[in-house]
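Let's go through how the labels used for a structure follow from its numbers. Each turn sets a value against its cut-off.

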Amino acid sequence: MTDAPATLVATGSDVWADRPVRTRFAPSPTGSLHIGGLRTALFNWLYARNHGGQFILRIEDTDQKRFDPTALQTLVEAMRWAGVTWDEGPEVGGEYGPYVQSERLEMYQSWGKWLVENDYAYTCYCSSERLEQVNKEKQARKEAPGYDRRCRFVTEDERQKLAAECAAEGRKPVIRFKFPLEGTTVLNDLVRGEVSFENKIQQDSVILKSDGFPTYHLAVVIDDHFMQISHVMRAVEWLPSAPLHVHLWQAFGWEMPHYAHLPVMLNPNGKGKMSKRNPPKDKFGNVIPVMVHDYIRSGYLPEALDNFLINIGWSYGEDREVFSLEEAIERFTDFSRINPANSAFPPEKLDWLNGVYIREKLSVEELARRLRPVLENEGYEVNVDTLLKVTPLVQTRIKTLNEVISIAGFFFREEFIPAKPEELIQKKMDTTTTKQALERSRQVLEGVADFTTQALHDATQPLTAELGLNNSQLFGLLRVAVTGQTVSTPTFETMEILGKDKTLKRLDLAASLL
RNA sequence: GCCCCAUUCGUCUAGAGGCCUAGGACGUGGCCCUCUCAAGGCCAAAACACGGGUUCGAAUCCCGUAUGGGGCACCA
């Protein structure tokens, strides 16, 4: 350790070339899954699947202060919804478990102890008050903040004295890593190439907390080692702490995996990363959701969200934006198509893509199957026959499943909510002409024997000439009368599905309201 | 403040020294279609951050500057 080379160039070990690809996604369970997390998971998953390797889900729950007992279930649900299947992890097991860090505490503690015994780490007895004090003083001297390494250079006698003080105050010490004081650490990143760091400005980070839990740094290296992870793909926010991880690998003498630091997703305006606490807004001021569950609730399709996310920071090539997960797997052979630059989250592109999937990738039956729970959640009684007839009508008109409510919800409502009288009156018309058109149309429609779109259209068309109206006026009027809304499914198709009885009643009602 | 990373149309991106008069997509605008709204078709505007090198030749390589982002916790 003391005679570490001045420059340590760390590249993932060659042994991985002969071993199966094993990637992992290691979120901390603090609620639903962050949309950026899903993308990271997707990239790892794609790479493992491309190479016929394994994808592992590991839960990093070492922060007791943020413990949320329901979070794991929510997280698992989001992953499953997105179709990101794991070969090892919670609920599926695996031979390298447990896959929840809080169940691996003994391991971290014994390796932490090993590091201390082998002089790679030391016990630090400093109180948080002292740490604060040190930082304050450093700040006053305009020095970089950070721990002053007092406990690292203390003599054995002093150490024992500090230990006693610490115990007397009822505090528990922490373990800090002895970061090399000089030299350079170079990480060979798979998407960025060589990234180098000056050792002297690094910190002696805490690796084992006073509550006996490890910090991310210790846990991640131990787990990645024992879970035989070959490639670590994680967000760039981890790059600055990568040198610590490099030295941890080095200290343990383990084969380091390959690292690929992924770009982060920024707010749509490019300012700051997407966060739950400061939710981004679109140009109209609407909040753009950050958690996967928000997208589930808003009526996005998993295949569309996946496709969308994969397109940010990675490209399929061949000028293609729409592709299946299978096609993405086939193309995700290496890291060369990953763009190192951060990117702004493009919400309108997601809406477009979701629309593409709804109208081009889903059969009517499949779309109807997905629309049903949306309608039912809204309290509607869904008649399957009606739904199957309505679905093709909404298919080209909705971008999210939820939009079916506003455009075609009236099909599934028992009571009819008529439009306001002024909405019935079309351009260049008035109450009298509108009422007249309504009554005349009713007369004609009553005589239509088979109530089909074509027959209805044919029967109504001559009325435009008779009443001196254009298509837009007459048909628009009928739409509002029959659906109660100005934007809806096409008029004659709607009448056909509603049937003669309801259609005529609604025309009567409309006329009576004028 | 210090460290690290990045920089192609408004946005997501293609681009690995000549294929670039810089391609695709979203969005935007226009036209067509049209019973509303969509969908669809056609067209248009729109970018290599800046300055120096290297080279016969640079969006592509190097160096600075600027800008943006990330990180500097007993959070991950």
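Q: What makes Asp119 and Lys178 a salt bridge?
A: Happy to start there. A salt bridge is a side-chain nitrogen of Lys or Arg within 4 Å of a carboxyl oxygen of Asp or Glu. The closest N and O atoms of Asp119 and Lys178 are 2.4 Å apart, so the pair meets the definition. Asp119 lies in the loop between α3 (105–117) and β4 (121–124) and Lys178 in the loop between β5 (174–177) and β6 (184–189), so the bridge ties together parts 59 residues apart in sequence. Helices here are DSSP runs of H or I with at least four residues, strands are runs of E with at least two, and both are numbered from the N terminus.

Q: What kind of model is this, and which conventions apply?
A: This is a predicted model, in which local features need pLDDT of at least 70 and side-chain atom pairs count only at pLDDT 80 or more, while totals for chains, interfaces and linings use all residues. Residues are numbered from 1 along each chain as its sequence is written, chains are lettered from A and ligands numbered from 1 in the order in which they are written, and side-chain values use heavy atoms, with hydrogens and water left out.

Q: Why is Asp119 called partly exposed?
A: Buried means under 20% relative accessible area, exposed over 50%, and partly exposed in between (1.4 Å probe, protein chains only). Asp119 has a relative accessible area of 36%, so it counts as partly exposed. Its partner Lys178, with 14%, is buried.

Q: What is noteworthy about the phi of Asp119?
A: Phi of Asp119 is near 70°, a positive value in a residue other than glycine. Lys428 also has a positive phi, of about 60°, although it is not a glycine. Lys428 sits in the loop between α15 (421–424) and α16 (431–446). With a relative accessible area of 87%, Lys428 is exposed.

Q: How do you know that Asp223 and Arg58 form a salt bridge?
A: Their closest N and O atoms are 3.6 Å apart, so the pair falls inside the 4 Å limit. Asp223 is in helix α6 (residues 216–226) and Arg58 in the loop between β3 (54–57) and α2 (71–82), 165 residues apart. At 0% relative accessibility, Asp223 counts as buried, and Arg58 is buried too, also at 0%. Both belong to a network of salt bridges with Arg24, Glu60, Arg104 and Asp224. The structure holds 30 salt bridges.

Q: Why is helix α7 described as largely enclosed?
A: Ten of the eleven residues of α7 (residues 242–252) are buried, so the rest of the structure largely encloses this helix. Among them are Leu244, Val246, Trp249 and Phe252. Just after α7, Gly253 takes a positive phi of about 75°.

Q: What makes β9 and β10 a pair of strands?
A: Two strands pair if DSSP finds at least two bridges between them. Five bridges join β9 (residues 231–235) to β10, and the strands run parallel. One of the partnerships is Met233 with Ala260 in β10. For β10 (residues 258–262), five of its five residues are buried: His258, Ala260 and Leu262 on one side, Tyr259 and His261 on the other.

Q: Which hand does the unit of β9, α7 and β10 have?
A: The β-α-β unit is right-handed. By definition, with the strands pointing away from the viewer, the path from the first strand over the helix to the second runs clockwise.

Q: How many residues are near RNA strand B?
A: A residue is near a strand if one of its heavy atoms lies within 4 Å of it. The count is 64 residues, and the closest are Arg192, Gly313, Thr396, Arg397 and Arg479. Of the atoms of RNA strand B within 4 Å of the protein, 72% belong to sugar or phosphate and the rest to bases. The largest share of this surface, five residues, comes from α11.
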